[in-house]
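Subject: Structure for your files

Hello,

Here is the structure I said I would pass on. My notes on how the helices and strands are arranged follow below it.

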Amino acid sequence: MDQTTNKLILLYVFDQMEIPITVDTLNEMCCSQNNWLTYLSLTQALPELVDARFLTTYTSAGAEYYKITQEGRDCINFFFMKIPSSMRVKIGEFIKKNRQAFKRKQEYFRDYYKNKDGTYTVNLKIIDPTCSKLEMKINVANRAEAKMVFSRWDSLASEVYSAIYRILIDGE
């Protein structure tokens, strides 16, 4: 595909996702899981779309996010027919099915590391694109526990946040 079509595909992805997106998420969505774009076309198109004011960027919690602008929405609304209809259908179905998973992947951060005393610290965060909503570090006895907390975070983060909020704010 030509570079113009690649840019339209990117704008269409942003329009359908309706949330700010990191380069890592775009790469996974557009290049790794689907062959909508090559990594090279993705990295060439992003700064050009920013320069054209179809996308804006900002940094939050150490990650750079891209967000579609109104000009970008107007452009995709006007030129979306230039994207092959089969491609639009694939993108639409994929995003409808996977939007929440990609959103969570960007919002829920987790990491762990070994401490000098042999214990492990698990670093857990819930990141809103504009700020950190929750950040906590948990010290655990061993690597197995660290891996368990690490693996459970994505599925339990919202429950943990709700419980902490309820206890601290609502006094329950």
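**Helix and strand packing**

H1 and H5 cross in a right-handed sense. This is a predicted model, so please read everything here in that light.

The H1 and H5 pair: helix H1 covers residues 3–17 and helix H5 covers residues 85–107. Their axes lie 9 Å apart, at an angle of about 45°. An angle that is neither under 35 nor over 145 degrees, and not from 65 to 115, counts as oblique, and H1 and H5 are therefore oblique to each other. On the H1 side the contact is made by Ile9, Tyr12, Val13, Gln16 and Met17. H5 contributes Met87, Arg88, Ile91, Gly92, Ile95, Arg99 and Phe102. By type, the residues of this contact between H1 and H5 are eight nonpolar, two polar and two charged.

The H2 and H3 pair: helix H2 (residues 23–32) and H3 have axes that come within 10 Å and cross at roughly 135°. H2 and H3 are therefore also oblique to each other, and their crossing is right-handed. Val23, Leu26, Asn27 and Cys31 of H2 meet Tyr39, Leu42 and Leu46 of H3. The residues of the H2 and H3 contact divide into six nonpolar and one polar, with no charged residue.

The three-stranded sheet: an open, antiparallel sheet is formed by three strands in the order S1-S3-S2. S1 (21–22) and S2 (55–60) are the edge strands, each with a single partner, so one side of each has no neighbour in the sheet. S2 pairs with S3 (residues 63–68) over six bridges, in the antiparallel sense. One of the pairings puts leucine 55 opposite isoleucine 68 of S3, its bridge partner.

Two helices lie across strands of this sheet. H1 lies across S1, S2 and S3 and runs at about 90° to S3. H3, which spans residues 39–51, lies across S2 and S3 and runs at about 105° to S2.

The S4 and S5 hairpin: strand S4 (residues 108–114) pairs with S5 in the antiparallel sense over seven bridges. Phenylalanine 109 has lysine 125 of S5 as its bridge partner. Five residues separate S4 and S5 in the hairpin, and glycine 118 in the turn has a positive phi of about 95°. Is S5 (residues 120–128) mostly covered or mostly open? Mostly covered: eight of the nine residues of S5 are buried.

Regards

Technical notes:
Residues are numbered from 1 along each chain as its sequence is written. This is a predicted model: local features need pLDDT of at least 70, side-chain atom pairs count only at pLDDT 80 or more; totals for chains, interfaces and linings use all residues. Side-chain values use heavy atoms; hydrogens and water are left out. Axes are lines fitted to C-alpha atoms, for helices over the stretch in contact, and angles run from 0 to 180 degrees between N-to-C directions. Helices (H or I, at least four residues) and strands (E, at least two) are DSSP runs, numbered from the N terminus. A crossing is left-handed if the near helix is turned anticlockwise from the far one by less than a right angle, and right-handed if clockwise. Contact means heavy atoms within 4.5 Å. Ala, Val, Leu, Ile, Met, Phe, Trp, Tyr, Cys and Pro count as nonpolar, Asp, Glu, Lys and Arg as charged, and the others, Gly among them, as polar. Two strands pair if DSSP finds at least two bridges between them. Buried means under 20% relative accessible area, exposed over 50%, partly exposed in between (1.4 Å probe, protein chains only).
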